[in-house]
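Me: I should be grateful for a close look at one part of this structure, namely a single residue in a loop and the elements that surround that residue. Please give a connected account.

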Amino acid sequence: MVLLKGFVKPEDQIGMVRMCRQLGKGLGGFYRPSYKNGAKLNLWMMSLGKNWDLTTRSYGPTRPFDGAQAPTIPDAFKMIAQAANSTANEFPQINPDVCIVNYYTNSGKLGLHQDKDESESSLTKGLPFISISIGDTAEFLFGNTRDKDQATKINLESGDVLILGGESRLLFHGVSHVKTDTAPSWLKEETGIRPGRINLTFRQY
């Protein structure tokens, strides 16, 4: 597990916010995913490359509720993720074919969970997932169980990249809360980003 503080350059953060906004308004853009019981996650989600469906916990080319195809991952996004991957050279290099984009409002959060819906080959090899934070700071939790009281807490700030692979690939992780008005002033001025946080997680299925 490696945290690269402030890895994403300001100009790249600005570009990512603008591109996420453009993609999020189009077909296959942001929506609030629901569990099988109808309860909704406390965030907005968009899948790039392949669609990930919460109810079936599986990947596919389209999402079931509207048939929209997952937009292509922008090359600029891949380049930033792969540059972070190379910097943390203890991990094998991945060729991301999935990017899950989550937008958290200031009341957004995500319970402790494991990312384990990728292919058996990807999980067996311990291929990392690469998580980029943009916007307001989030309190990130991780640990060996779903018990949030036992979890370790760290702050993920705008531009930070967190990489989990190998033995840490299946750690439980989540977001307890987003810290209000902590995004860089230049990011708000250049993009008009709403209060909250964008998180982009890259994986190789």
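Reply: In this predicted model, the residue to begin with is Asp-136, which, leaving aside its neighbours within four places in sequence, is in contact with Asn-106, Leu-156, Val-178, Lys-179, Asp-181, Thr-182, Ala-183, Pro-195, Gly-196 and Arg-197. Asp-136 is located in the loop between strand 7 and strand 8. Its relative accessible area is 3%, and Asp-136 therefore counts as buried, the cut-off being under 20%.

Two of these contacts can be described at the level of atoms. A polar atom of the Asp-136 side chain lies 2.9 Å from the backbone nitrogen of Thr-182. The side chain of Asp-136 also reaches the backbone nitrogen of Ala-183, at 2.7 Å. A further relation concerns Ser-185: 49 residues separate Asp-136 from Ser-185 in sequence, whereas their C-alpha atoms are 10 Å apart in space.

The strand that follows the loop, strand 8 (residues 138-143), pairs with strand 11 in the antiparallel sense over six bridges. Within this pairing, Glu-139 stands opposite His-177 of strand 11. Strand 11 is also joined to strand 6 (residues 110-113), by two bridges and again antiparallel. There Leu-110 faces Val-175 of strand 11, and His-113 is placed opposite His-173 of strand 11.

These strands belong to an open sheet of four strands, in the order 6-11-8-9, with antiparallel pairing. Strand 6 and strand 9 (152-156) form its edges; each has a single partner strand, so one side of each lacks a neighbour in the sheet. From one strand to the next, the twist averages 25°. As for strand 11 (residues 172-178), five of its seven residues are buried, so this strand is largely enclosed by the rest of the structure.

The strand that precedes the loop, strand 7, leads to the nonpolar interior. In soluble globular proteins, nonpolar side chains tend to be buried together. Here the largest nonpolar core has 32 residues, and Ile-132, Ile-198, Leu-200 and Phe-202 have the most contacts inside it. Among the elements that give two or more residues to this core are helix 1 (10-25), helix 2 (75-87), strand 7 (129-135) and strand 12 (197-203). Helix 1 gives the most, with five residues. A second, separate core of 21 residues includes Tyr-59, Ala-138, Leu-162 and Val-178; Val-178 is also one of the contacts of Asp-136.

Phe-202 illustrates the surroundings of a residue in the largest core. Not counting residues up to four places away in sequence, Phe-202 touches, among others, Phe-77, Lys-78, Ala-81, Val-98, Cys-99, Phe-129, Ile-130 and Ile-132.

Helix 1 completes the account. Its buried residues are Gln-13, Ile-14, Met-16, Val-17, Cys-20, Leu-23 and Gly-24. An α-helix has 3.6 residues a turn, so residues three or four places apart point the same way. The cover over the buried residues of helix 1 includes strand 2, helix 2, strand 5, strand 7, helix 4 (185-191) and strand 12. The 16 residues of helix 1 should span 22 Å at 1.5 Å a residue, which agrees with the 23 Å between its end C-alpha atoms.

Methods: Residues numbered from 1 in each chain as written. Predicted model: local features only at pLDDT ≥ 70, side-chain atom pairs only at ≥ 80, totals over all residues. Heavy atoms only, no water. Buried < 20%, exposed > 50% of the residue type's maximum accessible area, 1.4 Å probe, protein only. Pairing = 2+ DSSP bridges. Core = buried A, V, L, I, M, F, W, Y, C linked by side-chain atoms within 4.5 Å. Contact = heavy atoms within 4.5 Å. Polar contact = N/O pair within 3.5 Å; in protein donor to acceptor, adjacent residues only side chain to side chain. Expected span 1.5 Å × (residues − 1). Axes fitted to C-alpha atoms, helices over the stretch in contact; angles between N-to-C directions.
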